[in-house]
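Reader: I would like a close look at one part of this model, the nonpolar core, with the elements around it. Please keep the account connected rather than a list.

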Amino acid sequence: MTRLELKNHQVWRDLTEILENLDVNILVKEHLEQCDYKVCGYWDEQDEYYDTITLPRTLEIELVSSSIGVTYTERFLQLKFSLIADGADATQAQNNHTQKIGELVLVYNENLEFIDENWLLDIDSSLLGIS
């Protein structure tokens, strides 16, 4: 019986190379600019509906995880990000006042074309504009 191990397979080296050369900050910034830093039609975990949620314009983006998916007809790349905002205002000292305000999952096809998004936002954050 042949034993197949994926840990040394070329697919992992290829994926690692792609992720190392992919500027994920640019992908997220482009996405945020296209939606004008607004999430429209958001349902939270308690099934409350929000017409529009406005995100802060200055966000730090942190790649949390990446994965590839394969179906019979499609292959896709899924990238999960933490969205971190600076919570300091003008009256506070310039200490570290960053706050995680949510997560964003972006899904791209094998041509790196946008397919889907999924938001998980901290609705209680004072840094989000809710209407």
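Author: What follows goes from the overall layout to the core, then to a strand pair, a loop residue and the aromatic rings.

The model is predicted. The protein has two helices and seven strands, and from the N terminus on these run α-α-β-β-β-β-β-β-β. In overall dimensions, the C-alpha trace spans about 65 × 35 × 25 Å along its principal axes. The radius of gyration is 18 Å, whereas a compact globule of 131 residues would have one near 14 Å. Of the 131 residues, 31% count as buried. The protein exposes about 9200 Å², and carbon and sulfur atoms supply 47% of that area. Among contacts with a separation of 6 or more, 47% are between residues 24 or more positions apart.

The largest nonpolar core holds 28 residues, and the members that touch the most others are Leu32, Tyr42, Ile53, Leu55, Leu79, Trp119 and Leu121. Two or more residues come from each of helix H1 (10–21), helix H2 (24–34), strand S1 (38–43), strand S2 (49–54), S3, S4, strand S5 (98–109) and strand S6 (114–121). S4 gives the most to this core, with five residues.

Leu55 serves as a viewpoint within this core. Leaving aside its neighbours within four places in sequence, Leu55 is in contact with Leu32, Tyr37, Val39, Ile101, Trp119, Leu121 and Leu128. Of these partners, Leu32, Trp119 and Leu121 are also listed among the core members that touch the most others.

S4, the element that gives the most to the core, also belongs to a strand pair. Strand S3 (residues 59–70) and strand S4 (residues 75–86) pair in the antiparallel sense over 11 bridges. A hairpin of four residues joins S3 to S4. In this pair, Ile68 has Leu77 of S4 as its bridge partner. As background, in a regular strand the side chains alternate between the two faces of the sheet.

Ile101, one of the contacts of Leu55, leads to the loop between S6 and strand S7 (129–130), where Leu127 lies. The C-alpha atoms of Leu127 and Ile101 are 7.6 Å apart, although the two residues are separated by 26 positions along the chain. Leu127 has a relative accessible area of 23%, so it counts as partly exposed. The core takes in buried residues, under 20% relative accessible area, and Leu127 is therefore outside it.

The rings remain. The structure holds two aromatic pairs. Trp43 and Tyr49 form one that is tilted, at 5.0 Å centre to centre with 55° between the planes. Trp43 is exposed because its relative accessible area is 52%, while Tyr49, at 42%, is partly exposed. The other pair is Tyr108 and Phe114, with ring centres 6.2 Å apart; their planes stand at 75°, so this pair is edge-to-face. Here Tyr108 is buried, with a relative accessible area of 5%, whereas Phe114 counts as partly exposed at 41% relative accessibility.

Note on methods
Residues are numbered from 1 along each chain as its sequence is written. This is a predicted model: local features need pLDDT of at least 70, side-chain atom pairs count only at pLDDT 80 or more; totals for chains, interfaces and linings use all residues. Side-chain values use heavy atoms; hydrogens and water are left out. Two strands pair if DSSP finds at least two bridges between them. Rings of Phe, Tyr and Trp (its six-membered ring) pair if their centres lie within 6.5 Å; planes under 30 degrees apart count as stacked, over 60 as edge-to-face and the rest as tilted. Buried means under 20% relative accessible area, exposed over 50%, partly exposed in between (1.4 Å probe, protein chains only). The radius of gyration is taken over C-alpha atoms; the globule rule is 2.2 Å times the number of residues to the power 0.38. Contact means heavy atoms within 4.5 Å. Accessible areas come from the Shrake-Rupley method with a 1.4 Å probe; for residues, only the protein chains shown count as cover. A nonpolar core is a set of buried Ala, Val, Leu, Ile, Met, Phe, Trp, Tyr and Cys residues joined through side-chain atoms within 4.5 Å.
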